[in-house]
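I wanted to get my bearings in this one, so I opened it up and kept short notes.

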Amino acid sequence: MPANYKAELVGVLGYPVAENPTGVMQEAAFRATGLNWRYLNIEVKPDGLADAITGVRAFGMQGINLTIPHKVAVLPYLDDVSGDAAVIGAVNTVRREGDQLIGENTDGKGFLRGVRVDAGMDPSGKRVVMLGAGGAARAIATELLLAGVEDLLVVNRSVARGESMVKHLKDNVARSPIRFEPWQGTYRVPDDVDLFVNATSVGLYPDVDAMPDVDLSAARTDMLVADAVFNPPTTRLLDAATKRGMPVLDGLSMLVYQGTIGFTMWTGLEAPEQIMKDALAEALGVK
Ligand code: NDP
């Protein structure tokens, strides 16, 4: 058989990208599945995005991830966008379909897979409270609604941002039992909540001592507490929940699964999840 040294390319476009750890787990997956693929962290300034996408097409790249500041800005340069990414209004993963570049959003899907696989909870019919109304919150809320939650209460500090997200989802998702409450003072989590999510950046490195201003004392001890913050994986919120005997789900789970879902979108292969989890944990020094 003639030699084939051609490598397939994927990667992430962002600014900055140096500390983005997704490539570590994707490259581990490529090695494990015997694929001659490379994942490149490519620094692209905002005014370079159009040229970068032309480059993605010219290089025949199999797919790309997008991170800050390109997740929304990339939309006009794509050939099509999946239904949920269109509702979220942001793309974190692009896959190829022939010559077409299709935008997807795997953040919320990754979160849901963590809820299902790592925490063993089916979100359908569940009552959820979510802190936050930024990009991560919008992705998580969209997928929770599509998964059939019974009630989704969004609690956010900025009233305008929270109300506008809730209105957008009500207008764009067919069945959307979603409502908004301003976050004023300490938010007391009631006793009928099944899943409590922190989708704010409170607790994110370097502010690791920060904790969302919430009171868990009235919540049920079987309420699942999930945090989107992955650095550090054990946030003060998750620590407080664990001390109350509540099950917890850390942000690494969401991060790994957005990557495993992306791997499958790009390669068509089942993702070696454990290998990807181990590679990410090792890269982040949490093994
Ligand atoms: P955004 O900047 O889009 O949104 C930030 C959110 O946090 C807003 O709702 C904001 O409220 C809220 N917030 C920030 N500071 C405070 C504060 N002091 N008190 C109350 N609320 C606050 O960020 P993203 O949505 O992109 O990211 C949110 C978190 O999710 C980050 O920690 C990020 O690392 C994490 N993330 C994790 C992923 C994973 O795979 N695990 C993937 C993507 C994100 P307001 O509207 O009032 O400003």
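**Notes on Q26 and the ligand**

I began with Q26: setting aside neighbours within four places in sequence, I find Q26 in contact (heavy atoms within 4.5 Å) with Y39, G259, F263, W266 and M276. The model is predicted, with local features needing pLDDT of at least 70 and side-chain atom pairs pLDDT 80 or more, while totals for chains, interfaces and linings use all residues. Numbering runs from 1 along each chain as its sequence is written, and side-chain values use heavy atoms, leaving out hydrogens and water.

I placed Q26 in helix α1, residues 22-33 (helices are DSSP runs of H or I, at least four residues, numbered from the N terminus). Is Q26 buried or exposed? Q26 counts as buried because its relative accessibility is 0% (buried means under 20% relative accessible area, with a 1.4 Å probe and protein chains only). I also saw that a polar side-chain atom of Q26 sits 2.9 Å from the backbone oxygen of G259.

Next I turned to the ligand. Which residues come nearest? Of the 22 around the ligand (a heavy atom within 4 Å), they are A136, N156, R157, S158 and G251. A side-chain N or O atom of R157 is 2.9 Å from a ligand oxygen, and a polar side-chain atom of R161 is 3.0 Å from a ligand oxygen. For G251, a backbone N or O atom lies 2.9 Å from a ligand nitrogen.

Last, I checked the helices: α5 (135-146) and α8 (251-267) each supply at least two residues of the shell, and α8 gives the most, with 3.

Terms used: Polar contact = N/O pair within 3.5 Å; in protein donor to acceptor, adjacent residues only side chain to side chain. Buried < 20%, exposed > 50% of the residue type's maximum accessible area, 1.4 Å probe, protein only.
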